[in-house]
Every structure is written in C-alpha cells, then in structure tokens.
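Here are some notes for a colleague who is meeting this structure for the first time. They go from the terms used, through the chain as a whole, to its nonpolar cores and one loop residue.

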Amino acid sequence: MKHITLILHSAVLVISLVSPALAQWPQFRGPQGDGQADNQSLPLAWDEQTNITWKTPIHGRGWSSPVILGNQIWLTTATADGKQMFALCVDRTTGEIIHDVKLFDVTNPREIHKLNSYASPTPVIEQGRVYIHFGSYGTACLDTETGAKLWERRDLPCDHFRGPGSSPMLHGDKLIIHYDGFDVQYVVALNKQTGETLWKTDRSNDYGTENGDFKKAFCTPIVIEVDGREQLISPGSKAAFAYEPETGKEIWHVTFSDFSSTARPLYGEGLVFINTGFGKADLIAVDPTGTGDVTGSHVAWTEEKSIGSKPSQLLVDGLIYVIDDAGVASCLEAKTGEKVWSARVGGNFSASPIHADGKIYFCSQEGKTTVIAAGREFKVLAENELDAGFMASPAAADDALFLRTETHLYRIEKR
C-alpha cells in the first residue's frame, strides 16, 4: 500500500508540474493578449496538400478566433442571418467536432456590416470553463467537458448597429466586456462564476455628435500594471480609457478624432499603444502615468501613415509591426514612432498577425499567409495559400498553427 501511495503521490506531482504547460491560446491574441506565441517550431510553408494535419469544415459564418486549452479548441459561429448562434469545440488532435451547442435563438437580428459576422467576438477559456460572447445577443459560460450552459446573460443592452466585435477578457474573478454601440457605450465586469454584474462604467467622453455610427467601437481591453497599480486599458470610439479593474473607476483618458476602434492595445517600453480606428487610423503611444485627460500631456508620439483600422499591432524587441487594411506592412521604433521600414505585402487584411520564433505571420482576406522575418529589414520568408480567406486571427499551440478561414479550421504543422 505504501508503494501504491507513493506512486499516486508521484503521479499527482507530475500532473501539477505539467499542468501549466498545457497547450494554450486562451483568448483573443493569445496567452498575453499581444499576439506573441512561445512556439519555436511553427511551420513556415504549407498549402492545401502540404503540412495539413487536419481540415475541419465549420458550419455557418463566424469570424471569432479559435481559443485553445489542452486538447480542446473552442470557437463560435452563427447562421448567416444571425437567427441561431453556436459554440463549437474541436478535438485538437483529430479535428473532430466534439461539442456543437446552439446557445441562442434571435428573432430579429439587427443589421451588420458586410465585413462583420454575428459571431465575431472571440471566446475566452480557462480550466473547466469557456466564456462565449455574441455582444448584446447573449453571453454564456459553458462547462468545457460537457458543453452544458452554467449561466447566461441576455439583458445587457446595446445596439451594435454594424454588428458586435469586442471580445471578453478574464481578470481575477471577473469577465470584462465592452459594449460600445450606436445607442449606449459602457464597460461591464461580471462575476465569472455566476454572471452577476460587479460593476458597470459608462464612457465619459463627449462624442461631439448625435450620430451613433461615430460612437461605436469593437475593441478588447488589456490589463497592465503601472507603479504598482493595475490599469484596464479600454479603447472606445474617439477616446481610450484607463480604469481600475476592481472598481471600474476611471484613471485617465486620451481623446482622438477617429471612431469604430477595433485593434487590441499593446503595452511595452513604458508606453501604451492605441489604434484609433476608422476615419483615418492613427497609432498613438501614451505614457500611462497620468490622471484625468492626458491628451495634451502624455501622448509620446503619433504615427498617421499606413496604420490599419482593423488588424492589431505586434511589439517585438522594441519594434512595432503594423499591417494596414490594404496590405502595406510597416515597422516602427516603439519608443519614438520613427519608421524603420514600410513595404507592400499585398491583399486586404482584417485578421491580426502573430509572432513566433522571429517570424511574423500576416493572414489576408484572400487566403494568403505571408511570413516575414522580424527585424530591421523587410524580408519575406514564405507565402502560403489556402482555399478561402481569413477574417479570424490565427492561434498557435505546441508546434502547430490553427487557422480559421471563412469555411474551415486547419491544423498546420511540419509533417
């Protein structure tokens, strides 16, 4: 019995040691929300016949990115008319769909933009639970083993008008969500265990118009720490805000002229990098040590040229990498905004790039993934074509890329 007990204790120790190393891409833009993958051996080249481990058709229409924990991949989809909304779980090893859960029926879905879908927000996953979000149409927490619904909220109002796009994020015991719509604009923190509202903060900025189209945004926040104090960095339309994650109290804000912000912010080199969105997208670098309106005092630099309105940026070794909607890539010095290089990749872009092992992956709406070398010279390493285009951003786990096109989910790795 002592020998058996020792074996069991050893097994528990091994499990506890390897659990943190579970394959994971748990939220929009990966483990830290910044597009960084730790993977050292992601594939460089592929096509429909090469380096495809599996290819799984995904029914309906949805631009949410896949999220991964262990052997599960979760993503969302909806019927093209938006009247039915689903959560899907795919086996990471085989590509088999193991859960296909219809979560919500919608009698009268509102209009969406032609580039959007009714299932664009990306889920967020943790051990045992996945949180699914369809904007004001509904938010639900599911048991990852059974697919059973643990709680739901369908009472948070917002007329997204062009469709939802902001993804939820987890922080401590909170699920934090943006609702920047045509009619109302606020941030809410829900108790992740029960779905109950912990705090709700209305946006404080003056939009300068009654036209709700200029009040919308599609951003996902991040949490940073500045001088020992946590800040929820939360871009909206025409302004970006820093809030206390525990209370929702505003710390500072910066205003700009653009609207419909989409990109997830970045933090590094002591600066917060914010994409201002549609209109004429700029990238602004903000020193987050201020309070109140910091527009005139804490903006370190602004770059106006070739900044995409939809794809998020990357920060790698002091350099920021940008792809604009029309396929022009740029590299900037993070501390100063000085341009290092700019080059045409070609194609149209909505998906956000990722970085792994010195390589940057740009996925276009036409179905081409261009891989470049991270660095001070523009160098294309590979161009890879699939049958359908990309609206969802890529994910990575172990030595594999997981790419969602408009029709399929792929596992791609060196064979």
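1. A word on terms comes first: strands are DSSP runs of E with at least two residues, helices are runs of H or I with at least four residues, and both are numbered from the N terminus. Please keep in mind throughout that this is a predicted model.

2. On overall make-up, the chain contains one helix and 34 strands. Its radius of gyration is 21 Å, which is close to the 22 Å that the globule rule gives for 415 residues, so the chain is as compact as a globular protein of that length. Taken along the principal axes, the box filled by its C-alpha atoms is roughly 70 × 50 × 50 Å.

3. On burial and contacts, 61% of the 415 residues count as buried. Among contacts with a separation of 6 or more, 53% are between residues 24 or more positions apart.

4. On surface and charge, the accessible surface comes to about 16,300 Å², and carbon and sulfur atoms account for 49% of this surface. The chain carries 38 positive and 52 negative side chains, with the centres of these two sets lying 2 Å apart.

5. On the nonpolar interior, the largest core has 33 residues, and those with the most contacts inside it are Leu386, Leu401, Phe402, Leu403 and Ile412. Several elements give two or more residues to this core, including β2 (52-57), β4 (72-78), β5 (84-91) and β34 (408-412), while β33 gives the most, with four residues. A second, separate core of 21 residues includes Trp74, Ala119, Tyr137 and Ala140. In soluble globular proteins, nonpolar side chains tend to be buried together.

6. Which residues does Leu386 contact, leaving aside its neighbours within four places in sequence? They are Trp46, Asp47, Glu48, Ile52, Gly367, Leu403, Thr405, Tyr410 and Ile412.

7. Lys238 deserves a separate look, and this residue lies in the loop between β16 (229-235) and β17 (239-243). Is Lys238 buried or exposed? Its relative accessibility is 15%, and because buried means under 20%, Lys238 counts as buried.

8. On the surroundings of Lys238, its contacts beyond the neighbours within four places in sequence are Asn205, Tyr207, Phe214, Val254, Thr255, Phe256, Ser257, Asp258 and Phe259. Thr209 is 29 residues from Lys238 along the chain, and the C-alpha atoms of these two residues are separated by 11 Å.

Terms used:
Residues numbered from 1 in each chain as written. Predicted model: local features only at pLDDT ≥ 70, side-chain atom pairs only at ≥ 80, totals over all residues. Heavy atoms only, no water. Core = buried A, V, L, I, M, F, W, Y, C linked by side-chain atoms within 4.5 Å. Buried < 20%, exposed > 50% of the residue type's maximum accessible area, 1.4 Å probe, protein only. Contact = heavy atoms within 4.5 Å. Rg over C-alpha atoms; globule rule 2.2 N^0.38 Å. Areas by Shrake-Rupley, 256 points an atom, 1.4 Å probe, with all protein chains shown as cover. Lys, Arg positive; Asp, Glu negative; His and termini not counted. Charge placed at Lys NZ, Arg CZ, Asp CG, Glu CD.
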